[in-house]
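Please open the model in your viewer and keep the selection panel at hand. The tour below proceeds by selections, each followed by what can be found there.

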Amino acid sequence: MPLCVNVDKSQVSKVLEIIRRARILSDEYKITRSGNKVLIPIKVEHVDVVQGLLRDFSIIECNPPRRRSPIRIKMPSLDYIGDVVIVRRNVLDHIDAEDLVYRVRVVYPRVRAIWVKEETCDLYRKPLLRLLWGEEIKEIIVKEHGVLFKVKLGDVYYNSRLAEEHYRVASVVKSGEVVLDAFCGIGGFALHIATLKLSLVIANDLNPTAYELLVENILLNKRRLKGSIVPLNTDTRELPVFLRERSVDRIIADLPHQSLEYIDVYAKLLKPGGVLHLYVLSKMSENVEQEIRRSLDMWYFKECVSVLEYSPGVFVYRCDLVKPKTI
Ligand SMILES: C[S@@+](CC[C@H](N)C(=O)[O-])C[C@H]1O[C@@H](n2cnc3c(N)ncnc32)[C@H](O)[C@@H]1O
């Protein structure tokens, strides 16, 4: 049975925006209304996948009527950003390249390039891209909740599916806080925070191209910023040399495959009572908690939520922890 988000009429547009941004609105089933409630069908098979994204809403099994569509183009999972399409390599195991190009061009008539993401590699988490069709467009501008980002595809990490997560974390930051975005990429979290809150964000990334784009993105959004961003281009391991111990209220550690290797750094820099948003990779949320508890047993564990699917069956989780006052 498909899954539906069960929402009050008044919240439909908000939920639809989240769902559309995450590209999980079902194209197979219709949105249906019953009294004051609306059922919005989504194309995910397990509640876990959207637990983080739609945590404030109820997700239920449903049986909505199917859409009637004269031409049904079945599309594989892809990202459409700035007139460029990016598909994962494994998509081509299930669909012929020519057929894929045809379908993409019918559904997105303005598309100018179709890239295949072969893998994510090296320390900088850069995608290795191969042009399947179109112009070699690598530089694009994307918008997340009104915040603009310049991206150089292939040179930096960027995932448009993190847009909601950027916004969600920024929403819980309090004005006046000092926040460290320890692996900031081109500034996803940092810019959302500084747009929403009067806070100071120290944004660091080791990749020089990500740093350059971070600086450009700060300038690009200058007029929208309430808070300030200090851009840094160093190894997070070195940060305790530059920053005072116990000087930050909140740390965002978005390096899912290695974030646990920097626990001593977070412990040094966070104030007692400060919050750590730790991103980790796992198949099951229970395993995540156990693994983190092994390294941070005294810390208060708030929650772990799945943020996105990293590879089939493996999820990125965000775990929120509070540093004990006694450390
Ligand atoms: C998953 S990406 C971060 C994405 C970013 N938070 C966003 O929302 O777009 C991880 C980033 O960590 C950076 N990185 C890897 N090792 C690092 C280190 N030791 N110190 C600082 N940055 C590092 C990479 O260059 C990469 O941009």
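The tour of this predicted model begins at the ligand and then moves to a sheet and its helices.

Select the ligand together with the 20 residues around it, of which H166, D205, D235, T236 and D254 come nearest. This shell divides into 11 nonpolar, six polar and three charged residues. Now show the side chains of D205, D235 and Y262: an N or O atom of D205 is 2.7 Å from an oxygen atom of the ligand, while nitrogen atoms of the ligand are found 2.9 Å from such an atom in D235 and 3.0 Å from one in Y262. Of the 610 Å² of accessible area that the ligand has on its own, the protein covers 98%.

Next, colour the seven strands of the open sheet, which follow the order 13-12-11-14-15-17-16 with mixed pairing. Strand 13 (228-232) and strand 16 are the edges, and because each has a single partner strand, one side of each lacks a neighbour in the sheet. On average, neighbouring strands here are turned by 15° against each other, direction ignored.

At one edge, select residues 300-311 and 314-322, the antiparallel strands 16 and 17, which are joined by nine bridges. They form a hairpin with two residues between them, and G313 in the turn has a positive phi of about 85°; S311 stands opposite V314.

At the other edge, strand 12 (residues 200-204) runs parallel to strand 13 with five bridges, and A203 has P231 as its bridge partner. Finally, add helix 5 (residues 188-196), which packs on the sheet and makes about 170° with the direction of strand 12.

Notes. Residues numbered from 1 in each chain as written. Predicted model: local features only at pLDDT ≥ 70, side-chain atom pairs only at ≥ 80, totals over all residues. Heavy atoms only, no water. Near = heavy atom within 4 Å. Polar contact = N/O pair within 3.5 Å; in protein donor to acceptor, adjacent residues only side chain to side chain. Areas by Shrake-Rupley, 256 points an atom, 1.4 Å probe, with all protein chains shown as cover. Nonpolar A, V, L, I, M, F, W, Y, C, P; charged D, E, K, R; others polar. Pairing = 2+ DSSP bridges. Helix = DSSP H or I, 4+ residues; strand = E, 2+ residues; numbered from the N terminus. Axes fitted to C-alpha atoms, helices over the stretch in contact; angles between N-to-C directions. Contact = heavy atoms within 4.5 Å.
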